[in-house]
Structures are given as C-alpha cells and as structure tokens.
Amino acid sequence: MRKAGPRQLSLAIADSPSGGGRAEPSDVSERRSFLLHKARIKKTTGSTTGAGDNRHLLEEVASEANLAKALLSVVRNKGAPGLDGQTVESAEAKAPSMIARVHHDLLNGTYRPGDVRRVWLPKPGGGQRGLGIPNIVDRLVQQAVLQILGPIFDPVFHDSSHGFRPKRGAHTAIAEASEYLKAGYQTIVDLDLANFFDRVHHQRLLARIATRVKDQRIITLINMMLKAAVVMPDGTRVAIQEGTPQGGPLSPLLSNIVLDELDKELARRRLRFVRYADDSNIFVRSERAGRRVMSSIRQFLERRMRLQVNEAKSGVRTPDKVHFLGFSFRCSKVLGGDVTVQLSAKAEQRLRTKMREMTPPNWGRSITSCMEDISRYLTGWMSHYRLCSPGAINTLGVIDAHIRRRIRAIIVSQRKRPRFLFRHLLSKGVSRKAAAGCAFCGKGRWVKSNRPGMTKAYPPAWFAGRIVSLKTAWNGLNHPPASAQLSLEF
C-alpha cells in the first residue's frame, strides 16, 4: 500500500526554469511603463484569495493593479486578434482607458463577453482542432480572473496533475512517470478523452467552482464566459451549451478544475497516475489489472463526469508503445533499474515530416536561410525534448544525419544539371573520380545526396556552426551528465 502524504517533485536539468516554463522577456518599451507601474502597486488591504472568506473576489479581479498585470500578460503572449480586430499592440497603446473601462464595467455588472472567433488547426495525427480566439478585452478579463482563482484552486489539485500549473510541466510529469516505472508498475493505461474541451458540462463545472468561491458575481462572470457564442469561419454564429473553448487564458484552469474530480477518484482507489491536461497515464503491474482499471474508469467518466474516452487513442500498453507528451519509455527488466526516456515513434515521425516540409526539393532561397529556419525550429523543439535519456541520443544523431542529407539534396537540386554539380564538387576539393561518381551516376537528387562526392564536399564538420545539431544541443542542455537525471522525492 502506498504511503499517503505530501510529495515533492524535483527535476535537475541544466538551464531549465521551474516547471519547464520560459523566462519572462525584459520590458523596455516605453508603452509598457504604465502597465509595469500599475502592476507593481502593492495592495493596501488583506488578500481574500485564501481558503477563508472570499465573498469579495470581484473587487480583487477588477483592481487596477490586477488588470494591469493581466493586460501585461496578454500583451506578452501576443496572439491573433478576435472578432473585433483589435491587436495586442493597439490594446497596449490604449492601456489606461481600457483598464479604466473594464474596471468600471466589472464592478457595475455591465461587462458582457464578446463572441469568440473559431479557427481550425490541423492535428498531427489527422483531423482538426477547434481553437477559440476571444477579443483582447475578454482575454484581459479571463487573465484577471485566472490570477485570482489560480492561487485558490492550485493548492487543492492533486500532486500528480502537472498541466498548466506553477512550477510544474511536461518534464515533472515525465519525472513522476519514470519513478512509477522504476518501481515495477510497467503496464500503462493510456487514457485520452474525446473532444474533452467541447464536452465540459457547465453546471457541473460551476458547482465545483462554487465549492471554493463564495462570490456569486465571479460564478456569474464565468458562466457568461462559458456561454459566449462562437462565430465560425463562414460567419455562422453558434450558441454554446457545453464545453470550454480552447484559446482563452482561463480555459486551462477550468479544465483542471473539471478533471480534479478524476484525480481524486484515482487517488481514492490508490492508483498511481500522471495527468497532463486531458492526457492521463495510469500505472499498474499487469495487463489484466490494466484492462480492469480501464473498464472501471471508463464507466466513471461516462456515467459520473459525462465525458467520453477516445477509444482510438486509449488502451493498455507497454512503456515503449505509449505516446505521453511526445515521449515513450524503455525499462530495465531488473526492478529498480534504469528507465530510458526516449522519443515516441509519433514524435519522431512528426519531426521527420516537419523537416521534409522545411526542406522541399524546389527550395528557391539560399541554403543559409534554410538552415537558419531549421535551427530556429530545432532550438524550440529541443527545449521540450531535452529530457531524453543518454541512452536515447543515438536517435537524435540519426535525425541529425537525415537533416544533413536533406540539405545536401537541396544543394544537388540547385545545381540544376550534372555538369554544374560536377564543377561545384571540384571547387569544394573533391577528387574528379568522386565528383563524377556523384554527378553522373544517373540517379536522382536523394541518391546523389549520399554519394561519397557530396559527403566529402559537405561533411558533418561543414554543418557545425551553420545548423543546430540535436545531439550537440542535448549535450549542451544536459551538461554535466548528472544534471540530466530525474529525481522524484516522496
């Protein structure tokens, strides 16, 4: 039986901020001086955001200091305009009047959320994901509510919930999952909810919020946000009866409030689990136990929480077959042995697909610009996947070699004709025999890109300093080696 009690997550990764977040950029713009000044104003009255009496939360939400801090966050996050067309730059320029108007409207009960603009984004695995883009003023209000409600709800969330929480993130989730695997729980119930954000029951959500928020005005405000109509790309206006549209600042907190009920149920059953947003992994010792847990949890979700399990993405799997936040695991057969965190098959395939899109055969610009674009993408990609274990970096080396070959293929294409490629290779110091064997081999650009003539003209050393290497970047982020280890203290 697992010992109950508070747990502390710790993750040692070089140059990694807490929870896998990003450092805030410095604000040097003169237009932000007003926001910075207002946001730094200290409260002269006691905060009501604790667990006690919070019947006057709206006053805290509508305070000028809180609204200035919220608008500063919205501006920093940038984002596309809503239906009214207002940009974050325009909102920043009009900050004093906007904050004054929102402050007045919230306290006088005249604030009404605008309609939400719906856009469709392609999913990596196929299909589309609906994203709701509120107007800037509505994002401001949602962020202001989030800043007050977050400290109220976060302390009561389960320790195994890692998504969209302070000092937590994907990397702490992977750290906890690794500990369960080391302890011998090496069968995973991979649980994915179907269209979760579109199925959230409003009354159940508001009832859960009301258990800790006594200010009815806040409940009414959130209800209006949930009921805001959605305008489709074709102009159709759709009334909303359930769901929380993805895209607003408040949506992640609301999803955690809903799914905290699932967390508490799993904890009541003494199950070991890790959840990030609507993606949950439950760790058991055998496939039989996994099937039993999957069946019972499915019934709980459908009958109690009115949510549906995505049957296509859910299942009872071995660690190397899961796709949890882009990672899979390779476990030692010895109890307590090493657990290798590696790229999942889906994550690797998605990266290769992205590289194929970024290195088309008809690339019409310079090779330097191509490598710069790839380097920017890989730098951001590695900030998430730096958690891969040392045993998995060979895969990164293979991907590096694949990217180098694709760039060589572009160079071949840009030389147009075999004789031009032949002359180019000679100018790079390649022997006439190797240059001719590449240029006049009678094959396509992909075969030529890996011929000895091309690899001699453009060896891995040529790419060093010109394009980001995943293997080198991993070594830089995880040096010294001890900093790459995961630790989870119970």
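The exercises below, each with a worked solution, concern a predicted model of a protein.

**Exercise 1. The protein as a whole**

Task: State how many helices and strands the secondary structure comes to, and what share of the residues is buried.

Solution: Begin with the secondary structure, which comes to 21 helices and 12 strands. Next, turn to burial, where the cut-off for a buried residue is under 20% relative accessible area; buried residues make up 49% of the 490 residues in the protein. The accessible surface comes to about 24100 Å², and 51% of that surface belongs to carbon and sulfur atoms. Finally, consider the contacts between residues at least 6 apart in sequence: of these, 74% join residues at least 24 apart.

**Exercise 2. The sheet that contains S2**

Task: Find the order of the strands in the open sheet that contains S2, and work out which strands stand at its edges and why one side of each is left without a neighbour.

Solution: The first step is to write down the order, which is S3-S2-S5-S6 in an open sheet of 4 strands with mixed pairing. The edges are therefore taken by S3 and strand S6 (237-238), and because each has a single partner strand, one side of each is left without a neighbour in the sheet.

The second step is to look at the pairs that involve S2. Strand S2 (residues 116-122) and strand S3 (residues 128-133) are antiparallel and pair over 6 bridges. Within this pair, Arg-117 has Ile-133 of S3 as its bridge partner, while Trp-120 stands opposite Gly-130 in S3. Towards strand S5 (residues 230-231), by contrast, S2 runs parallel, and 2 bridges join these two strands. Here the bridge partner of Val-116 is Val-230 in S5.

When you follow these strands in the structure, it helps to remember that in a regular strand the side chains alternate between the two faces of the sheet.

**Exercise 3. The sheet that contains S4, and the helices on it**

Task: Determine the order and pairing of the open sheet that contains S4, and then say which strands of the sheet are touched by helix H7 and by helix H12.

Solution: Start again with the order, which is S7-S8-S4-S9 for an open sheet of 4 strands, and note that its pairing is antiparallel. S7 and strand S9 (315-317) stand at the edges with a single partner strand each, so one side of each has no neighbour in the sheet. From one strand to the next, the twist averages 20 degrees.

Now take one pair from this sheet: strand S4 (residues 187-192) and S9 run antiparallel and are joined by 3 bridges, and in this pair Asp-190 has Gly-315 of S9 as its bridge partner.

The last step adds the helices. Helix H7 (residues 170-182) packs on the sheet and touches S4, S7 and S8, and its direction makes about 165 degrees with that of S7. Helix H12 (residues 287-304) also packs on the sheet, where it touches S4, S8 and S9, and its direction makes about 20 degrees with that of S4.

**Exercise 4. Two helices that cross**

Task: Describe how H6 and H11 cross, and name the residues through which they meet.

Solution: Consider the axes to begin with: those of helix H6 (residues 136-153) and helix H11 (residues 251-268) come within 9 Å and cross at roughly 35 degrees. The crossing is left-handed. On the H6 side, the residues that meet H11 are Gln-142, Leu-146, Leu-149, Gly-150 and Phe-153, and their counterparts in H11 are Ser-251, Leu-253 and Ile-257. Sorted by class, this contact has 5 nonpolar, 3 polar and no charged residues.

**Exercise 5. Three residues in loops**

Task: Decide whether Ala-277, Lys-167 and Lys-416 are buried or exposed.

Solution: Ala-277 lies in the loop between strand S7 (272-276) and strand S8 (279-284), and because its relative accessibility is 8%, it counts as buried. Leaving aside residues up to four places away in sequence, Ala-277 touches Gly-163, Phe-164 and Leu-259. Ala-277 and His-162 are 115 residues apart in sequence, yet their C-alpha atoms are 7.5 Å apart in space.

Lys-167 is found in the loop between H6 and H7, and with 68% relative accessibility it counts as exposed. Lys-416, in the loop between helix H15 (393-414) and helix H16 (418-427), is exposed as well, with a relative accessible area of 70%.

One further step concerns phi. Most residues other than glycine have a negative phi. Lys-167, however, has a positive phi of about 60 degrees, and phi of Lys-416 is also positive, near 65 degrees.

Conventions: Residues numbered from 1 in each chain as written. Predicted model: local features only at pLDDT ≥ 70, side-chain atom pairs only at ≥ 80, totals over all residues. Heavy atoms only, no water. Axes fitted to C-alpha atoms, helices over the stretch in contact; angles between N-to-C directions. Left-handed = near helix turned anticlockwise from the far one by under 90°. Contact = heavy atoms within 4.5 Å. Nonpolar A, V, L, I, M, F, W, Y, C, P; charged D, E, K, R; others polar. Pairing = 2+ DSSP bridges. Buried < 20%, exposed > 50% of the residue type's maximum accessible area, 1.4 Å probe, protein only. Areas by Shrake-Rupley, 256 points an atom, 1.4 Å probe, with all protein chains shown as cover.
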